[in-house]
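Hello,

Here is the structure I promised to pass on to you. Please open it alongside this note, and I will walk you through what turned up.

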Amino acid sequence: MTSLTPLYQLAAEQKSAEVTDWSARISWVVGLLVLIAFVYWLMRQGWKWRGSLQSGLPELAATPEGFADGEKLLTLTGRYHASTTAGQWLDRIVAHGLGTRSRVELTLTEQGLDVVRPGAADFFVPAAALREARLDKGIAGKVLPEGGLLIITWAHGDKLIDSGFRSDHSAEHPAWVEAIDQLTRTTEGTAR
């Protein structure tokens, strides 16, 4: 028969708590931080590479003199989400700051569409360059319920571009679709 160690002797034995191996922990944290920084650097390089591929895109038009004097058809405040190659909702355009999300103030007149983006490059789309407007659910980097985005298609150089906007009051979107479609029909009629 084996003898069992009395319980009081087990309780009397001294045991020390395990010591934390700080060097191993610090190594893991530093390694994780280096990995995060490397992934961020790769994403940044990809963004710059995409911009260099799109460097052939002409400069964006500036708001013409006297634009503010014209009669405003519609105004909108909200968010600018992205611009993509028309019909390819995931092909984001980053050249000339078109890939930068920001707040936006849109103004539509007979002259065209003025896009004012605090903290990002503003641009102007002449009425002759506007092609269509529609309601959609997604554009690069943003997916919303059906009809949650106002997508405006416009020509820039030889490229058609879709720009995605979301109004602070999404009930305004259908009025924008109708107004832009009306403006493009009027512009096409005068061009003939």
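**Aromatic rings**

Searching the whole structure, which is a predicted model, turns up four aromatic pairs. One of them joins phenylalanine 38 and tryptophan 41, and this pair is stacked, at 6.2 Å centre to centre with 25° between the planes. Both residues belong to helix H2 (residues 22–53), where they are three residues apart and so separated by about one helical turn. Phenylalanine 38 is partly exposed, its relative accessible area being 44%. Tryptophan 41 is also partly exposed, at 46% relative accessibility.

Elsewhere, Tyr80, Phe123, Trp154 and Phe165 are linked by ring pairs into a cluster. The ring of tyrosine 80 has a further partner: the charged end of arginine 117 sits over it, 4.4 Å from the ring centre. Likewise, the charged end of arginine 25 sits over the ring of tryptophan 22, 5.8 Å from the centre of that ring.

**Nonpolar cores**

The largest nonpolar core has 28 residues, and within it Leu113 and Ile152 touch the most other members. Several elements each supply at least two residues of this core, among them strand E1 (72–85), strand E3 (112–116), strand E8 (149–156) and helix H3 (173–191). H3 gives the largest share, five residues.

If you would like a place to begin looking, try leucine 113: beyond its neighbours within four places in sequence, its contacts include Leu106, Phe123, Leu130, Ile152 and Trp176. There is also a second, separate core of five residues, including Ala82, Ile139, Leu144 and Leu149.

Best wishes

Note on methods:
Residues are numbered from 1 along each chain as its sequence is written. This is a predicted model: local features need pLDDT of at least 70, side-chain atom pairs count only at pLDDT 80 or more; totals for chains, interfaces and linings use all residues. Side-chain values use heavy atoms; hydrogens and water are left out. Rings of Phe, Tyr and Trp (its six-membered ring) pair if their centres lie within 6.5 Å; planes under 30 degrees apart count as stacked, over 60 as edge-to-face and the rest as tilted. Helices (H or I, at least four residues) and strands (E, at least two) are DSSP runs, numbered from the N terminus. Buried means under 20% relative accessible area, exposed over 50%, partly exposed in between (1.4 Å probe, protein chains only). A charge sits over a ring if NZ of Lys or CZ of Arg is within 6 Å of the ring centre and within 35 degrees of the ring normal. A nonpolar core is a set of buried Ala, Val, Leu, Ile, Met, Phe, Trp, Tyr and Cys residues joined through side-chain atoms within 4.5 Å. Contact means heavy atoms within 4.5 Å.
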